[in-house]
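Got the viewer open and a cartoon on screen? Let's walk through this one stop by stop, selecting as we go.

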Amino acid sequence: MAISNSRLLQTDQAQPLLTQARKRRSKKVNFDDSFASDSDNIPEEKPTNPIARKLNRLRQRRLVSRGLSFSHCDAAPYGGKIYLARRKKSDPWYVTVLEVMALAMVIGFAIYAYCYLENVIFHVERFYAHIGHSHSQHQVGQRFLHGSGTKQNHSKAAEYFKMAADQGHPHAKYNLAVGHLKGHHEMLEPGEPRAILEDAIMGGIPEAKKVLEKFCNRGGKC
């Protein structure tokens, strides 16, 4: 009877311990809801079997080649997951063709500019002349006058000198008047060279004063 009573006493004392153990077992940690739980601190176990490790590496390489998954990094905290960048798709064939054509055009223009620099400068100045830049108009007239970067053409030179002179360019006025005195009468009327030379003198062209005294004040056709 004493033995049975002692067994009952031990059973009554162990009952609270069993209840606590059952409560602990019934507790479940939801890894999806608790991101920063204590279970994240547990490092991921790596397979010790060489065959399993090899299969794991092959699986990771396959995922990396697809660019759709992630890989574990031991150096990162908590055994972190590093998302891999997606592989860029190759450009279509026509994009490659356009890039090659653009590169060929750039190289061709660089060679042309190196070999025909004066011609390139002439076309650039002519562009600015057509949009109304008086200095460029005078420079284009000079190039037509001397045949620099283009064929020599005195009529074209007088035309661009007239365009620059109408905008008040003093050197262009001087060149236009000198061209009239040398026989190119298509841009000026009789009597206009004197007024243009006087404007050139006022603009700071000392040669215009010499021409005015030599040709106009001595009975020249000004």
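Start with the whole chain coloured by burial: of its 222 residues, 21% count as buried, where buried means under 20% relative accessible area, exposed means over 50%, and partly exposed is in between (1.4 Å probe, protein chains only). Keep in mind that this is a predicted model: local features need pLDDT of at least 70 and side-chain atom pairs count only at pLDDT 80 or more, while totals for chains, interfaces and linings use all residues. Residues are numbered from 1 along each chain as its sequence is written, and side-chain values use heavy atoms, with hydrogens and water left out.

Now switch on the surface. The accessible surface of the chain is about 17500 Å², and 59% of that belongs to carbon and sulfur atoms; areas come from the Shrake-Rupley method with a 1.4 Å probe, and for residues only the protein chains shown count as cover.

Go back to the cartoon and count elements. You should find 9 helices and 2 strands, taken as DSSP runs numbered from the N terminus (helices are H or I, at least four residues; strands are E, at least two). Trace the chain from the N terminus and the order reads α-α-β-β-α-α-α-α-α-α-α. As for contacts (heavy atoms within 4.5 Å), take those in the chain with a separation of 6 or more: 36% of them are between residues 24 or more positions apart.

**Stop one: surface patches**

Select Arg53, Lys54, Arg57 and Arg61, which gather in a patch of positive charge on the surface. The patch rules: residues need over 30% relative accessible area and no salt bridge, with like charges joined within 9 Å and nonpolar side chains (Val, Leu, Ile, Met, Phe, Trp, Tyr) within 5 Å. Lys and Arg count as positive and Asp and Glu as negative, with His and the chain ends not counted. Each charge is placed at NZ of Lys, CZ of Arg, CG of Asp or CD of Glu. Zoom in on Arg61, which is in helix 2 (residues 50-66). Arg61 counts as exposed because its relative accessibility is 58%.

Next, pick Trp93, Tyr94, Val97, Leu98 and Met101. Together they make a nonpolar surface patch with about 600 Å² of accessible area. Met101 lies in helix 3 (residues 93-115), and at 47% relative accessibility it counts as partly exposed.

**Stop two: salt bridges**

Show the charged side chains. How many salt bridges does the structure hold? There are 4, each being a side-chain nitrogen of Lys or Arg within 4 Å of a carboxyl oxygen of Asp or Glu. Side chains of opposite charge can pair when their charged atoms come close.

Select Arg143 and Glu118, whose side chains meet in a salt bridge at 2.8 Å, N to O. This pair ties together distant parts of the chain, with Arg143 in helix 5 and Glu118 in helix 4 (residues 117-130), 25 residues apart. Arg143 counts as buried, at 11% relative accessibility, whereas Glu118 is partly exposed at 40%.

Keep Arg143 selected and add Glu125: here the N to O distance of the salt bridge is 2.9 Å. Again the pair links distant parts of the chain, helix 5 to helix 4, with their positions 18 residues apart. Arg143 and Glu125 are both buried, Glu125 at 17% relative accessibility. Show all three side chains at once and you have a salt-bridge network of Glu118, Glu125 and Arg143.

While Glu125 is on screen, bring up its surroundings. Leaving aside neighbours within four places in sequence, Glu125 is in contact with Ser136, Gln139, Val140 and Arg143.

Then jump to Lys173 and Asp199, which form a salt bridge at 3.8 Å, N to O. The pair links distant parts of the chain: Lys173 in helix 7 (residues 170-181) and Asp199 in helix 8 (residues 192-202), 26 residues apart. Is Lys173 buried or exposed? Lys173 counts as buried, because its relative accessibility is 14%. Asp199, at 40%, is partly exposed.

**Stop three: two last selections**

Select Gln137 in helix 5 (residues 134-146). At 3% relative accessibility, Gln137 counts as buried. Which residues is Gln137 in contact with, leaving aside its neighbours within four places in sequence? They are Ala129, Gly132, Tyr160, Met163, Ala164 and Gln167.

Finish on Leu181, in helix 7, which is partly exposed at 26% relative accessibility. Draw a distance from its C-alpha to that of Cys216: the two are 35 residues apart along the chain and separated by 9.5 Å.
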